[in-house]
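Please look over the model shown here before reading on. The report below is meant for someone meeting it without prior acquaintance.

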Amino acid sequence: MNGLTILLGTASAEVKAKLSGVLQGEGYDVDSAGLAPDLFARLGERTLDLVLLSDDLAETNVLDLTTRIHDLHPKLPIVVVATEPSVRDAVEAIKHGAYYYLEASIPDSDLLDVIAGALELELELIEEAEHRRARRLVSFEDLESIEAIDSIMRRHDFASSRLVGVLQDIQKEMRYLTHDALRHVAGRLGIPLPRVYSVATFYKSFSLKPRGRHTVSVCLGTACHVSGGVGILEKLERELGIKAGETTFDERFSLESVRCVGCCGLAPVFVVDEDFHGKVTQEEIASILENYE
Amino acid sequence: MVSFRMNRRTLKVEDGTTVLEAARDAGIYIPTLCYHPALESVGACRLCMVELSHRGRTGHVAACVTPAVDGSTVKTDTPAVKRIRKTVLELLIARCPEVAILRELGERLGVGEPPYPLENEACLLCGICVRACREIVGAEAIGFAERGAASEVLPPFAVPSARCISCGTCTTVCPARTFELSKVDAVGTMHGDSDDVRTRKCVVCDEHYTSS
Amino acid sequence: MKSPSDRTSSRKSLPETDVCPELASLGFFKSQRLLALRHRGLLNPEEIDEYIALGGYAALPKALFDMTPEEIVDEVKTSGLRGRGGAGFPTGIKWELARNAESKSGSKYVVCNADEGDPGAFMDRSLLEADPHAVLEGMVIGARAMGASEGFVYVRDEYPHAVRMITRAIEQAEDYGLLGSDILGSDFDFRVSVVRGGGAFVCGEETALMASIEGREGRPRPRPPYPSQSGLWGCPTNINNVETWANIPCIVERGGEWYSGIGTKESKGTKIFSLVGKVVNTGLIEVPMGMTLREIVFDIGGGVPRGRKFKAVQSGGPSGGCIPESLIDLPVDYEELAKAGAIMGSGGLIVMDEDTCMVDLARYFVSFLEEESCGKCVPCREGIKRMREILTDIVEARGKEGDIERLEELAYAIKEASLCGLGKTAPNPVLTTIRYFRDEYESHVLHKRCPAKVCKAMIVYRVVPERCTGCQRCVQVCPVNAISGPRSQPHNVDLDKCIKCGACYEICKFDAIAGDAIYIE
Ligand SMILES: Cc1cc2nc3c(=O)[nH]c(=O)nc-3n(C[C@H](O)[C@H](O)[C@H](O)COP(=O)(O)O)c2cc1C
Ligand code: SF4
Ligand code: SF4
Ligand code: SF4
Ligand code: SF4
Ligand code: FES
Ligand code: FES
């Protein structure tokens, strides 16, 4: 036994016997259901690692089933096994949230490969989280963080159109966007991950890398540029020993340049977190930074 | 029906027909790169610029995304149009000097070596693969990452995407054709940096495609 | 439910020129005319009652009960108000398009564009922070005129205080029945929510802004279809700038005729500018259209500080252009600025003195736009990058003959072929600086000299021995220990070590005991 459980959804005794045999031979624990209601009951009862759906379930369209399971458990991999495969169905199944679409006649070794691949993906996530926890970095795989992210999404009514706002709030709370956080958001809001990834990398206020406890933003807007903003930035770079866009080794400061923070009358300006420092000279910088631990 | 003039001819087309479609039907050449008849046009490459005059106003528009307007006049070959095309194509060649289709277009349009330092990118960022994967395949496995000159076509986090069904459509429609199916990885579109590519036989057509 | 209408109708609104009398006599305020900024400093933005006490929300009942939607649109058309967000499109005509547009789902939207990405401008921020209800009132009136039931205020994320103020204003207006369902018992429903931007200049562009509100990345799309035909979620959508909305209550209250009496033939009303840079009085000003740059910079702004010489004004931010001293008598309106190669933009006016290098300035704007280009279309993404490369070469003393012409050629294609306004206007700063300061470019390219002494590759810092007091202040500030000399004796800059940071120059010039002995060659 390898401790992993697969739920098999099929109405055909033949398919059930064949697949169970193959899976059990590989050490998987197999549970099965022949009707949709039974299937959902199982889903509610026990912790599962993967769902294998055959397209022979009576009175149920395998695509609808995929959608419903995916909605309930966005992280649970679903593999569809088709007795009558078609490209159209393959495409639809993937669209509806399936991890993979297979023809029933596929060799056993390939089937096991696919299943291992699907489970590996899950394992990868877990390992990544373990790894982070071991290094005592902020870990968003913690249940707490998942809950925090969920409550942020709740504030936005789980509306997919609020993606930008959701990511902003997560970024504010956690200082940066982890891959897991993005995956979780994509699953929960029902937005394809590539789209979430595009948004997260398009906007400058998001960071996919850890950030310091304080953010130092030097204004290089026009007014600040003509009033010596570049000199201020260079001075800060020397002072902190990092370049704009980087974070100090002790994660105390992240340094960035921004374009106009809207107090051009005070140029040159730099901002630490939400404190504005206007009409600054290079000389004052070190003493200002001392106020931030 | 829309009736308008293109170069020296009068064309009649259905409402909503784009200037580009009208030109193609009439056999008038307008160069394109990011246009694909099966996909939504996005007007990204700007190679299809033409001159459009309507109600006393004249300007340049992208033919692939501009509907033909009744009573307007389109010119596809003015000195200004050629001047714009030349710069746009030079910019593209400077980005992707190895891409054959750009050199072919260059020959056709009389555009040679660009006056800029050459880069060596494989991807034109035309977005055809992204649109095909979303609109035709429905998998939406790849997308644009970052923005501006740093833009890239990638699966999320640049790692193999669980959404990719390895249909190979993206590689087939890519106008840059700098990669073959078995080497999809080389462009970093669908599989990021992994170089361990296995292929699997398609259930329907018996072709071998890469699998994720 | 409290109804402000009976409270407000009895009160007359303050005449718009009624700034505190002492203030009004100061040079900075004398020639200003406050419409959009009419409540500046007069009210606590967190208290709706104060806005109402000053006559606020008086235009709303008029628009709801005394006017038909068509009449509101007509009034705005008569006023001649043009969009304050950049292009200056006539607001009334835009409203009419949205009003007449069919919506398949029945929904229409209005949006307040408070993205204000133009670095060097902060009009919209001030309006939202100081008088959020004026903007809201304008939006409700507009929604009524166009038949919209939902609105969004899109604020850039760098303005947390503005977000707080407008959010609070919305809550208060809802409490007072001025927003929400059945506004003031008129059967008209309208809701507003705040959306924060994600840090992308291009999201000020209408189609990108809508994509961002819908939760996607802000890449513009081609037009047509225009937002008034197919905007947010495919429904007709009208987007106006913060200042445009803030002007609406005045217009409805006092009539379009009255409004069109202010300003010039083609540009009506007043405009808020943020006057910044090398000028004595910096800050927001609101002046009638048609005032000359000279009046703005010298009468209101008090001229250039420290006795330096005025050189140029940049109008319209990165999409705008610079206007040289020879055109200082230019009246500021949409047409005149366009003729000079600049644009009104959202109203940033940055004053530059002789210490500003125009090539460096052009490079600055171009590198800003390079970072902000969404990357979708080739001329903007690739072309701006090439412009920046050439300009960087020029300021770093690697310029070669033909570079200026190459810039002009690129500028032409970028302007003509780019998909959205960002690319179409991106070459403006380069083209205007070439047009008015070609000699500066030539000096950089041909003689490797920077006349303004800004470009690091072309300058050196030296000490004038006769003036040096030997105070050693420069020694203390130099980050690389490039200055040495015994106390009270003339010092020396080691040119091999110097990184040209300018710290010594700054301290020597302004420190009390230093002798202003360091000069740039
Ligand atoms: C790149 C770009 C940035 C823009 N930024 C802004 C902005 O920050 N604020 C704004 O009101 N309009 C901005 N605009 C103009 C808007 O697209 C739009 O024209 C304006 O909001 C319309 O409102 P108005 O008619 O009231 O001016 C921008 C346009 C472009 C092309
Ligand atoms: S191979 Fe993958 S990435 Fe390419 S089109 Fe098919 S599903 Fe999309
Ligand atoms: S990979 Fe090919 S199709 Fe995709 S954006 Fe690049 S050039 Fe276009
Ligand atoms: S002009 Fe620039 S910002 Fe606009 S769509 Fe093209 S690349 Fe994007
Ligand atoms: S410019 Fe900077 S580096 Fe050079 S001498 Fe002065 S303080 Fe030192
Ligand atoms: S330019 Fe720095 S605050 Fe505006
Ligand atoms: S073909 Fe029209 S813009 Fe690319």
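What follows describes a ligand shell, a chain contact and a single loop residue.

This is a predicted model, in which local features need pLDDT of at least 70, side-chain atom pairs count only at pLDDT 80 or more, and totals for chains, interfaces and linings use all residues. Residues are numbered from 1 along each chain as its sequence is written, while chains are lettered from A and ligands numbered from 1 in the order in which they are written.

Ligand 1 is surrounded by 24 residues, the closest being Gly83(C), Gly85(C), Gly204(C), Asn241(C) and Gly421(C), where a residue is near a molecule if its C-beta atom, placed from the backbone, lies within 6 Å of it. In this shell, β4 (237-241) and α19 (421-425) of chain C each supply at least two residues, and the largest share, three residues, comes from β4(C). Helices (H or I, at least four residues) and strands (E, at least two) are DSSP runs, numbered from the N terminus.

The contact between chains takes 24 residues from chain C and 23 residues from chain B, with two residues in contact if their C-beta atoms, placed from the backbone, lie within 7 Å. The table gives the make-up of two sets of residues.

| Set | Nonpolar | Polar | Charged |
|---|---|---|---|
| Side of chain C that touches chain B | eleven residues | three residues | ten residues |
| Shell around ligand 1 | seven residues | twelve residues | five residues |

Here Ala, Val, Leu, Ile, Met, Phe, Trp, Tyr, Cys and Pro count as nonpolar, Asp, Glu, Lys and Arg as charged, and the others, Gly among them, as polar.

Ser149(C) lies in the loop between α9 (132-146) and β2 (150-155) of chain C, and, leaving aside its neighbours within four places in sequence, Ser149(C) is in contact with Ser107(C), Asp189(C) and Phe190(C).
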